Amino acid sequence: MTSPIRTERHDDVLVVISDSPPVNALSAAVREGLVAAIAEGSADASITAMVIRCDGKTFFAGADITEFGKPPVGPMLPVVVDAIEASDKPVVAAIHGTALGGGCEVALGCHYRVAVPSAVLGTPEVKLGLLPGAGGTQRLPRIAGVAMALEMCATGNPVPAKKAEAAGLIDRIVGETSLEADAIAFAREIAGKRPLPRASERGAKADPDAVAAFRKANARKFRGFEAPEANIACVVKATETPYAEGVHFEREQFMRLMTGVQSAAQRHLFFAERQAAKINDVPADTQLRPIKRVGVIGAGTMGGGISMNFLSAGIPVTIVEMQQEALDRGVGVVRKNYEATAAKGRMKPEQVAAAMAAFTPTLGLENLADCDLIIEAVYESMDVKKEIFAKLDTICKPGAILASNTSYLDIDEIAASTSRPQDVVGMHFFSPANVMKLLEVVRGAKTAPDVLATVMALAKKIKKVAVVAGVTYGFIGNRMLMPRQVEANKLLMEGATPEQIDKVHVAFGMPMGPFQMADLAGVDIGWHRDPTRIENIRDALAAEGRWGQKKQAGFYDYDEKRNPSPSPRVAEIIEEFRAKSGAGEKREVSDQEIVERTLYPMVNEGALILEEGKAQRASDVDVVWIYGYGWPVYRGGPMFWAEHEVGYDKLVGGLEKHGFEVAKSLKAKAKTPEAVA
Ligand code: 3HC
């Protein structure tokens with residue numbers, strides 16, 4: 001096999017080049033090649049300096065994640081980076097694209113770094129539940145200071161070249177198109193300079209204030225994760241001990257994280273997210289339909305949020321409402337959202353102006369005739385949706401994609417109201433649609449492959465993580481929500497409180513529990529609107545006008561600032577309803593039972609969805625719950641959690657103990673469910 005690393009001589013400068021698509025990950029072959037190339041340059045008396053650069057779209061984007069968990073082959077990355085730094089001849093990293101993780105560490109091992117203006121440097125290992133394990137946590141604070149090292153290592157956010165230059169991470173910004181030539185010229189300039197600047201030989205200044213401030217500022221974000229604190233500990237260590245000791249500490253921490261379940265979960269998510277984009281029976285090279293203008297029907301919260309996705313990606317949007325007032329209000333909200341983003345410095349005023357200029361409000365559906373994709377985002381009524389789609393059928397140009405943002409309804413029935421069911425698809429956005437990353441793409445029985453492929457590709461363009469779902473009530477996410485809700489309500493009847501159930505979910509790592517979610521979304525959503533018909537606790541609350549946060553009363557009481565507190569009135573309502581419905585004695589419900597009865601059934605439902613072919617793969621179910629509902633990333637999604645944290649034996653045993661009908665596929669995976677139950 002030919003090595004992905006080759007060398008080219010430019011008189012006295014040896015250029016070491018990696019060609020390992022797609023992202024020049026530091027595989028065993030790349031690592032071996034780098035060590036050999038440095039040895040070649042060191043041994044050749046005619047060479048005075050070396051440059052390391054990459055072919056393709058990026059500098060090394062990190063260690064090869066596919067090697068993780070497998071027996072090590074070839075030189076380990078820390079050895080490679082040390083070999084580069086130990087060279088007696090200066091080595092210059094010439095960076096373009098994304099120098100990430102191990103790639104950034106290779107650059108830190110080099111004596112100098114030059115980069116094109118569009119390059120970014122980052123140590124995103126924390127996002128994989130890890131830390132930079134090739135000296136990065138020790139070299140970064142020595143070169144760029146503690147504050148910058150904390151930011152890069154513990155949040156994983158990359159730094160653009162200019163900022164990196166200001167922090168001393170980059171020695172020179174070079175031409176966007178002349179990276180190699182400029183790097184060689186730079187190498188000649190510094191070839192004779194001694195001593196060589198080796199990061200490991202420098203000291204790192206302690207900055208306890210910066211560390212304390214950083215911990216405080218990120219406490220919420222880091223809740224439940226192990227890796228951020230390990231990154232912080234390593235960076236702090238760099239300020240307290242000599243390099244060799246620090247690196248030893250870094251290795252210990254790295255191995256601890258690498259063998260833990262959190263990192264396995266986060267690595268699973270990395271690949272799950274990429275896998276989700278693939279449609280099993282649709283070739284990756286399917287010809288896509290061009291999408292130059294999008295139409296959105298409904299200027300409510302959902303329609304406005306959906307529109308923003310396209311406007312932000314530079315795709316013009318025509319938005320339709322029935323009443324001028326509602327249209328004006330919807331457009332106003334979008335403008336306000338953009339202006340708020342600009343006020344926070346995350347958008348330039350001219351970008352706001354450009355987005356709003358591409359936003360065309362109208363009262364007439366017929367104005368959607370020139371749109372390539374039309375997304376209906378009106379309220380959940382099959383009749384209304386069918387009427388709209390029938391009208392769209394007469395208005396829209398041939399080949400236009402007709403999408404519904406329904407969160408539950410049957411896409412096939414909607415499609416049947418048109419003469420072109422092959423062009424109909426579901427695009428289920430999650431609220432707030434301009435923020436939440438998930439998009440469920442619902443494939444109808446007749447949806448054409450190129451329609452599906454186009455929508456999946458478009459999702460990436462608008463920075464969504466898209467998952468293909470089949471037609472089933474609630475698709476993947478909301479269908480799994482249902483058994484959770486049913487059980488949570490039953491638990492109230494048996495003696496648990498809303499606070500206890502929510503607390504268990506929050507402690508598990510969810511952003512909120514089922515009752516906090518109900519209060520946020522609206523207790524009255526889906527309510528039959530008859531205050532005399534009280535069939536469950538939710539009906540009882542709705543009948544009293546306790547509709548959630550918007551009424552400052554729901555399952556909780558709220559003050560003016562929407563701070564919740566347990567509601568004595570809700571406790572009474574639950575008691576009254578219990579008495580009326582003849583529920584037995586109240587009992588103590590344990591936190592473990594809440595987990596078993598509200599979370600295990602979700603996994604069961606996920607398994608049923610898979611058995612029915614309504615999701616393509618288990619990892620897609622995980623992606624839905626992580627990006628749509630805030631399932632804790634470090635637990636990898638419900639299906640990963642079931643397999644790797646709970647175990648199928650315990651899961652099936654628990655489900656059977658509580659009387660659930662267990663999915664066949666789960667039973668097959670459990671060895672001895674009876675024994676555990
Ligand atoms: N190892 C193995 N494969 C990788 C990889 C890596 N580090 N990074 C990306 N890939 C693969 C992807 O799985 C994908 O494969 P596929 O086409 O078969 O699905 C392909 O490369 C292209 O990736 P993307 O679709 O993500 O391409 P983009 O252009 O959108 O993004 C990127 C490129 C910004 C480099 C992005 O892939 C990324 O963020 N990669 C991960 C970077 C990272 O986390 N590096 C740290 C690794 S851990 C480490 O270095 C430990 C060390 O400290 C010891």
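Here a biologist and a modeller talk through how some features of this predicted model get their names.

Biologist: What should I know before I start?

Modeller: This is a predicted model, where local features need pLDDT of at least 70, side-chain atom pairs count only at pLDDT 80 or more, and totals for chains, interfaces and linings use all residues. Residues are numbered from 1 along each chain as its sequence is written, and side-chain values use heavy atoms, with hydrogens and water left out.

Biologist: Which residues come nearest to the ligand?

Modeller: Lys-57, Gly-102, Glu-105, Glu-125 and Arg-274 do, out of 26 residues around the ligand. A residue is near a molecule if one of its heavy atoms lies within 4 Å of it.

Biologist: What makes the pairing of the ligand with Glu-105 a polar contact?

Modeller: A polar contact is a pair of N or O atoms within 3.5 Å; within protein, one must be able to donate a hydrogen and the other to accept it, and residues adjacent in sequence count only if both atoms are side-chain atoms. An oxygen atom of the ligand sits 2.8 Å from a side-chain N or O atom of Glu-105, so this pair fits the definition. Nitrogen of the ligand also lies 3.0 Å from a polar backbone atom of Ala-61 and 2.9 Å from one of Ile-65.

Biologist: How much of the ligand does the protein bury?

Modeller: The protein buries 75% of the 990 Å² that the ligand exposes when taken alone. Those areas come from the Shrake-Rupley method with a 1.4 Å probe; for residues, only the protein chains shown count as cover.

Biologist: Which element gives the most to the shell around the ligand?

Modeller: H11 does, with three residues. Strand S5 (98-100), helix H3 (102-109) and helix H11 (261-276) each supply at least two. Helices (H or I, at least four residues) and strands (E, at least two) are DSSP runs, numbered from the N terminus.

Biologist: Why is the pair Glu-67 and Arg-31 called a salt bridge?

Modeller: The term asks for a side-chain nitrogen of Lys or Arg within 4 Å of a carboxyl oxygen of Asp or Glu. These two side chains meet at 2.9 Å, N to O, so the name applies. Glu-67 lies in the loop between strand S3 (49-54) and helix H2 (77-86) and Arg-31 in helix H1, so the pair ties together parts 36 residues apart in sequence.

Biologist: Is Arg-31 buried or exposed?

Modeller: Buried means under 20% relative accessible area, exposed over 50%, and partly exposed in between (1.4 Å probe, protein chains only). Arg-31 has 6%, so buried is the word. Glu-67, at 27%, counts as partly exposed.

Biologist: What about Arg-53 and Asp-55?

Modeller: They form a salt bridge, with the closest N and O atoms 2.8 Å apart, and both residues are buried. In total, the structure holds 45 salt bridges.

Biologist: What is unusual to look for in the backbone?

Modeller: Take the cis peptide bond joining Pro-21 and Pro-22, where omega is about 0 degrees. Pro-22 is in the loop between strand S2 (13-18) and helix H1 (28-43). A cis bond also joins Arg-194 and Pro-195, again with omega about 0 degrees.

Biologist: Why is Arg-529 called partly exposed?

Modeller: Its relative accessible area is 45%, so it falls in the middle class. Arg-529 also has a positive phi, near 70 degrees, and is not a glycine.
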